[in-house]
Structures are given as structure tokens and as C-alpha cells.
Amino acid sequence: MVFFATYECFTDMKGQAQSYFANMTDEEIAHEAPEGIKIICRYHDVANGTGFTVIETVDQEAMTQWIMGWSSFCHFPIIKPVVDDESARRLIKRMEANAG
């Protein structure tokens, strides 16, 4: 499954969080997510210490482990499953067919 997740740095931890992230090595970034998590993309609103990421996983525990790895710096107020255009269109058509 693919998930959309927003993050918000804790106000008193924003500088530390951003410094930690900015100084991660390429190796650390490559191995940041635990086995079973694929980070598809990540975008940041640096000035406000917020952003979002899109991840793919079938492992709820791995996703929770990844989130907990950032929990001293930020929280993730929104985590929800999302689908691509093709899947959305297929689902909508199926719902319309079942409705009438």
C-alpha cells in the first residue's frame, strides 16, 4: 500500500531536526527506512518545519518503526492510504456500478 504522511517539527526541536536531517550522509538517507519501507518522495516546507512524504509498505510495524525514529523531533498528524490515478478511476467506476 501507498501512504501519504505529513510531518510537523515540534517548535522547540525544529532547528535540531533540520540540522540532523541536513547533515545525514547519503548512506544514512539510503538506510533511514527499515526493511519493508520504500520512501517514494519527500517534500519539505523548511521555513515552517513541516512537509510530507509518500511511502510504500505492507508492513504496519515497519511504518511505525520508521515514524518512531523521528518521534523526538516531530509528529505525523496525517497518515492515510492513497492510490494513483488508474486505481482511483477503477475504484470510482466500481463504486458507481455498485450504486445503481
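## Starting at the hairpin

Asp45 sits across from Thr50, a residue of strand E3. This is a predicted model, so keep that in mind as you look around. The strands on either side of that spot, E2 and E3, make a hairpin with four residues between them. One of the turn residues is Gly49, which has a positive phi of about 70 degrees. Seven bridges hold E2 and E3 together, and the pairing is antiparallel.

## The sheet as a whole

Zoom out and you'll find an open sheet of four strands, ordered E2-E3-E1-E4 and paired in the antiparallel sense. Which strands sit at the edges? They are E2 (38–45) and E4 (74–82), each of which pairs on one side only. On average, neighbouring strands in this sheet are turned by 15 degrees against each other, if you ignore direction.

Helix H3, residues 60–69, packs on this sheet and touches E1, E2, E4 and strand E3 (50–56). The direction of H3 makes about 150 degrees with that of E4. If you want a residue to click on in H3, try Gln65. Gln65 has 52% relative accessibility and the cut-off for exposed is over 50%, so Gln65 counts as exposed. The C-alpha of Gln65 is 9.9 Å from that of Ile37, and the two residues are 28 apart along the chain.

## Strand E1 and its two partners

Now for E1, which covers residues 2–9. How many bridges join E1 to E3? There are seven, and the two strands run antiparallel. Two places to look are Ala5, which stands opposite Thr53 in E3, and Tyr7, whose bridge partner in E3 is Gly51.

On the E4 side, seven bridges join E1 to E4, again in an antiparallel arrangement. Here Glu8 has His75 of E4 as its bridge partner, while Cys9 is bridged to Cys74 of E4.

## A closer look at Cys9

Cys9 belongs to strand E1. Is this residue buried or exposed? Its relative accessibility is 16% and buried means under 20%, so Cys9 counts as buried.

Leave out the neighbours within four places in sequence, and Cys9 is in contact with Lys14, Ala17, Gly49, Phe73 and Cys74. You've already met Gly49 in the turn of the E2–E3 hairpin. Cys9 and His75 are 66 residues apart in sequence, yet their C-alpha atoms are 6.6 Å apart in space.

## Aromatic rings

The model has seven aromatic pairs. Take Tyr20 and Phe73: their ring centres are 5.4 Å apart and their planes lie at 35 degrees, so this pair is tilted. Why does this pair tie together parts that are 53 residues apart in sequence? It does so because Tyr20 is in helix H1 (residues 14–22), whereas Phe73 is in the loop between H3 and E4.

The two rings have their own levels of exposure. Tyr20 has a relative accessible area of 45%, which makes it partly exposed. Phe73 has 11% relative accessibility, so Phe73 counts as buried. Both are part of a cluster in which ring pairs link Tyr20, Phe21, Trp70 and Phe73.

## The largest pocket

Finally, have a look at the largest pocket, which holds about 280 Å³ of space. It is lined by 16 residues, and those closest to its centre are Tyr7, Cys9, Phe21, His44 and Trp70. Some of these names should ring a bell: Phe21 and Trp70 are in the aromatic cluster, and Tyr7 is the bridge partner of Gly51 in E3.

Which elements each supply at least two residues of the lining? They are E1, H1, E2 and E4. The largest share comes from H1, with four residues.

Technical notes:
Residues are numbered from 1 along each chain as its sequence is written. This is a predicted model: local features need pLDDT of at least 70, side-chain atom pairs count only at pLDDT 80 or more; totals for chains, interfaces and linings use all residues. Side-chain values use heavy atoms; hydrogens and water are left out. Two strands pair if DSSP finds at least two bridges between them. Axes are lines fitted to C-alpha atoms, for helices over the stretch in contact, and angles run from 0 to 180 degrees between N-to-C directions. Contact means heavy atoms within 4.5 Å. Rings of Phe, Tyr and Trp (its six-membered ring) pair if their centres lie within 6.5 Å; planes under 30 degrees apart count as stacked, over 60 as edge-to-face and the rest as tilted. Buried means under 20% relative accessible area, exposed over 50%, partly exposed in between (1.4 Å probe, protein chains only). On a 1 Å grid over the protein atoms alone, a cavity is a set of points where a 1.4 Å probe fits but cannot get out, and a pocket is an open set with protein on both sides within 12 Å along at least five of seven lines; lining residues have an atom within 4 Å of a point. Grid points are joined across faces, edges and corners, and a volume is the space filled by probe spheres set on the points.
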